[in-house]
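Please open the model in your viewer and keep the sequence panel at hand. The stops below are meant to be selected in turn.

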Amino acid sequence: MTKSIPTKTLVSTSTISRLRTLIITSCTGKKLHNPTNQLIIEDFKDTERLRQRTQSLLEFSCPSGHMYTGLQHLRLMEGVDILRSRFGRAVVDVKIISAAYGLISEDKVIVPYTVTFNSMKNDEISSWANFIGIHKDFQEAVIGYDLIFVLLGDKYIRALNLPMKLIPNRLLFS
């Protein structure tokens, strides 16, 4: 005989559907497509080169929310899909810290790349994260949300260049 788990909720469903929730997660090394000519860090340093190289990889493009296939990302998106099926798409937004593209929406169409903060030294992380604007974009992205979850490893947390300006009356979990 199995025990049933109480299903009493701590907050009402109407409260959940009104909360503006943001989840910040990281890119993953595992991607939906793995062509041999993926973008590299040098491509992101030159806008014309990036445009040309992106064009050459368009057949592998897809929204970033679908590009990443690492286990944490897949499980996170399963949970997001469950929330959205119950409360609607607007209940939660997902943004991804990409070591190549910066802080991007899950809907941004991207092509495969090999850039990762995990292979960089601390000073390289700070320099590159500053170049692609992660700290500034993060500060702007969290405005207007009631609840913010930051699901990042050490190197990706470093890329945020914390601390940030405090947001009054907001909950931030990391």
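The tour that follows moves through a predicted model, one selection at a time.

**The nonpolar core**

Begin by selecting Ile 97, Tyr 101, Tyr 113 and Phe 117. The largest nonpolar core has 45 residues, and these four touch the most other members. Next, colour the elements that give two or more residues to this core: the strands are E1 (21–26), E3 (92–98), E4 (102–105) and E6 (147–151), and the helices are H5 (71–87), H6 (122–131), H7 (134–141) and H8 (154–159).

Now centre the view on Ile 97 and display its surroundings. Leaving out residues up to four places away in sequence, Ile 97 touches a set that includes Ile 24, Thr 25, Ser 26 and Cys 27, together with Leu 103, Phe 117, Ile 134 and Tyr 156.

**Aromatic pairs**

How many aromatic pairs does a search of the whole structure find? The search returns six. Select Phe 44 and Tyr 101 to see one that is edge-to-face, with 5.1 Å from centre to centre and 85 degrees between the planes. This pair links distant parts of the chain, since Phe 44 belongs to helix H2 (residues 41–44) and Tyr 101 to the loop between E3 and E4, 57 residues apart. Phe 44 counts as buried because its relative accessibility is 10%, and Tyr 101 is likewise buried, at 18%.

For a stacked pair, turn to Trp 128 and Phe 131, whose ring centres are 5.0 Å apart and whose planes differ by 25 degrees. The two residues are three places apart in helix H6, so about one helical turn separates them.

Then add Tyr 68 and Tyr 113 to the selection of Phe 44 and Tyr 101; these residues form one aromatic cluster.

**Charges over rings**

Remain at Tyr 113 and show Lys 31. The charged end of Lys 31 sits over the ring of Tyr 113, 4.4 Å from the ring centre. A further example is Arg 20, which lies over the face of Tyr 145 at 4.3 Å from the centre of the ring.

**Helix H6**

Select H6 and look along its axis. Which residues of H6 are buried? They are Ile 125, Trp 128 and Ala 129. Their directions fall within an arc of 100 degrees, so the buried residues line one face of the helix. Trp 128 has a relative accessible area of 7%. To find the partners of this face, display H2, H7 and H8, against which the buried residues of H6 pack.

Rotate to the other side of H6, where Asp 123, Asn 130 and Phe 131 are exposed. After the helix comes Gly 133, which has a positive phi near 75 degrees.

**Cysteines**

Select Cys 27 and Cys 62. Cys 27 is buried, with 7% relative accessibility, and Cys 62 is buried too, at 9%. A search of the whole structure finds zero disulfides.

**Strand E2**

As the last stop, select Pro 63, which lies in strand E2 (residues 62–63). Is Pro 63 buried or partly exposed? Its relative accessibility is 27%, and therefore Pro 63 counts as partly exposed. Show Glu 106, Asp 107, Lys 108 and Val 109: these are the contacts of Pro 63 once its neighbours within four places in sequence are set aside. Finally, draw a distance between the C-alpha atoms of Pro 63 and Ile 110; the two residues are 47 residues apart along the chain, yet these atoms are separated by 6.1 Å.

Methods:
Residues are numbered from 1 along each chain as its sequence is written. This is a predicted model: local features need pLDDT of at least 70, side-chain atom pairs count only at pLDDT 80 or more; totals for chains, interfaces and linings use all residues. Side-chain values use heavy atoms; hydrogens and water are left out. Helices (H or I, at least four residues) and strands (E, at least two) are DSSP runs, numbered from the N terminus. Buried means under 20% relative accessible area, exposed over 50%, partly exposed in between (1.4 Å probe, protein chains only). Contact means heavy atoms within 4.5 Å. A nonpolar core is a set of buried Ala, Val, Leu, Ile, Met, Phe, Trp, Tyr and Cys residues joined through side-chain atoms within 4.5 Å. Rings of Phe, Tyr and Trp (its six-membered ring) pair if their centres lie within 6.5 Å; planes under 30 degrees apart count as stacked, over 60 as edge-to-face and the rest as tilted. A charge sits over a ring if NZ of Lys or CZ of Arg is within 6 Å of the ring centre and within 35 degrees of the ring normal. A disulfide is a pair of cysteine sulfur atoms within 2.5 Å. The arc is that of the directions from the helix axis to the C-beta atoms.
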